[in-house]
Amino acid sequence: MSRSARVVPAAVSLALVLTLSGCDSDDGGDGGAQGSGPHAGASGVGDPYFPKAGNGGYDVSHYGLTLAYDPDGNRLTGRAVITARATQALSSFDLDLHGLDVTKVTVEGREAAFDREGQELTVRPRKEPAKGETFEVTVSYSGAPRTITDPDGSEEGWLRTEDGALALGEPTGSMAWFPGNHHPSDKASYDVAVTVPKDLTAVSNGELTGERTANGRTTFTWHTAEPMASHAATVAIGRYTVTRSTTKDGLPVYVAVDPSQVTASREVLGLLPEVMEWAQDNFGPYPFSSTGAIVDRPEDSDYALETQNRPVYPGAPDTATLVHEIAHQWFGDSVTPRTWQDMWLNESFATYAEWLWTEDEGGDTAEDTFTDLYEHGEESYEDLWDFPPGKPTSAAHISDNPVYQRGAMVLHRIRQTVGDDTFYDIVQGWAAAHRHGNAGSAEFTAYVERQAPDEDFDEIWDDWLYGDGKPSLPDA
Ligand code: TRP
Ligand code: ZN
């Protein structure tokens, strides 16, 4: 891929960061003149990379999902009970759902008209929710859930596996298995019940609150109390060797491993309590009420994912990947991007966590890693200088190396500028300030500036975060 080194003025870059703006998306299809009367909720929240992701006009507080899956027939039957608050008077509103057949929709218990176009499920309630009103939507659906190929070619959504299925949601896969407001800016609590043939296990986020077998099928119920972005939600169905324990601090640990991966993953998974403790020392209190892992087979997914509480690993993870996904619990899952442009806020911290772990284990220091990348990075990461982490070229590039490696270099430049004490204050303070919330790049840069008011970060933001080409370093 060839890209010329073009210098974009910082003001332009910053303007691009601030494009998310509530319900005034220009693709709502509901025309202008909205006034204060009921009008259609927008079909997207205005994400600069995924314009149809999420929906305007309401805010979900809870998903109650009742699912049944038959792996042999690849048939998913679902009922989603969605509790939401209207942020405008709603003549209609959209949910995102990819594939599957919707059989019935109710709003506040009354059957509602609906239609579908692409990923938009448009619901027309008989009684229009008023602005500020909390309302409940129930969607009944079934069918063969689909795999979604995301813009960079990787597979997500509902992935069939040898012995069941695996649902992965980043960035847009969750709409393949439940209807919702599928954008990271709308987090909610979840109750997920999954019924599967009784020789299988169904694992999800949060804590297991029940397991009941009847008529040859077992229902597993999972509860996630802390706000969760839908892309961090998962369901893993299959044969798993399950290990339950608690950490020294009393945190429940639920680890589910495909039997073929048990031996290979034993040693690294044994490090989980230590990595959790190390992460808390570095990032502050753990944001969730349980931890663990889901290890499926290597061929089940092309990548690991920071599913909340319980990351998914395709095959036995190495230590760096374990550290990376655990760090995401703070950065990505608890502090969640406002838009997909802010992906670097997830991946830079998770990647930097790998550097820090290596440093703390007595290996290369983060300074070594930074210098090595600066001097020879393009040998391992061909695209390293192709675009700045704060402004990926397109949706196809939000998970590319500049977001990870060059993103981590941004954090290291901050550390070089402020020193270790302030740097760790920034890392922990940032995680605390936006715990269980959303935050974007402009908030991050402003936060850093507030924590170190005597330092000048212009060059870091202009060149490293938003500037095209390989930045220069200040003379030593
Ligand atoms: N965010 C994941 C991680 O870093 C990786 C990931 C999720 C990914 N979806 C992707 C990588 C799509 C490439 C393409 O742990
Ligand atoms: Zn990551």
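Is D258 buried or exposed? In this predicted model, D258 has a relative accessible area of 1% and is therefore buried, since buried means under 20% relative accessible area. The side chain of D258 meets that of R297 in a salt bridge with an N to O distance of 3.1 Å. R297 lies in the loop between β20 (291-296) and β21 (312-314), while D258 lies in the loop between β19 and α2 (262-269), so the pair ties together parts that are 39 residues apart in sequence. R297, with a relative accessible area of 21%, is partly exposed.

**Salt bridges**

Side chains of opposite charge can pair when their charged atoms come close. A search of the whole structure finds nine salt bridges, among them the three pairs in the table.

| Salt bridge | N to O distance |
|---|---|
| R124 and D115 | 2.7 Å |
| E277 and K248 | 3.1 Å |
| R297 and D258 | 3.1 Å |

In the pair formed by E277 and K248, distant parts of the chain are linked, with E277 in helix α3 (residues 272-283) and K248 in the loop between β18 (241-246) and β19 (252-257), 29 residues apart. E277 counts as partly exposed at 38% relative accessibility, whereas K248, at 71%, counts as exposed. For the bridge between R124 and D115, R124 is partly exposed at 39% relative accessibility, and D115 is likewise partly exposed, at 33%. In addition, E359, R415 and D420 are joined into one network by salt bridges that share partners.

**The zinc site**

The zinc ion (ligand 2) takes its protein donors from H324 (NE2), H328 (NE2) and E347 (OE), which lie 1.9 to 2.0 Å from the ion. Along the chain, the donors follow the spacing H-x3-H-x18-E. Because H324 lies in helix α4 (residues 319-330) and E347 in helix α5 (residues 343-360), this pair ties together parts that are 23 residues apart in sequence. H324 and E347 are both buried. The angles among the four donor atoms of the zinc ion (ligand 2) run from 99 to 138 degrees, and the site is irregular; for four donors to count as tetrahedral, all angles would have to lie between 85 and 135 degrees.

**The surroundings of H62**

H62 lies in strand β2 (residues 58-70), and its side chain is joined to that of D191 by a polar contact of 3.1 Å. Leaving aside residues up to four places away in sequence, H62 touches V81, I82 and T83, together with A188, S189, Y190 and D191.

Note on methods. Residues numbered from 1 in each chain as written. Chains lettered and ligands numbered in written order. Predicted model: local features only at pLDDT ≥ 70, side-chain atom pairs only at ≥ 80, totals over all residues. Heavy atoms only, no water. Donors = N, O, S within 2.8 Å, 3.2 Å for Na, K, Ca; no water. Tetrahedral: all angles 85-135°; square planar, octahedral: opposite > 155°, others 65-115°. Helix = DSSP H or I, 4+ residues; strand = E, 2+ residues; numbered from the N terminus. Buried < 20%, exposed > 50% of the residue type's maximum accessible area, 1.4 Å probe, protein only. Polar contact = N/O pair within 3.5 Å; in protein donor to acceptor, adjacent residues only side chain to side chain. Contact = heavy atoms within 4.5 Å. Salt bridge = Lys/Arg side-chain N within 4 Å of Asp/Glu carboxyl O.
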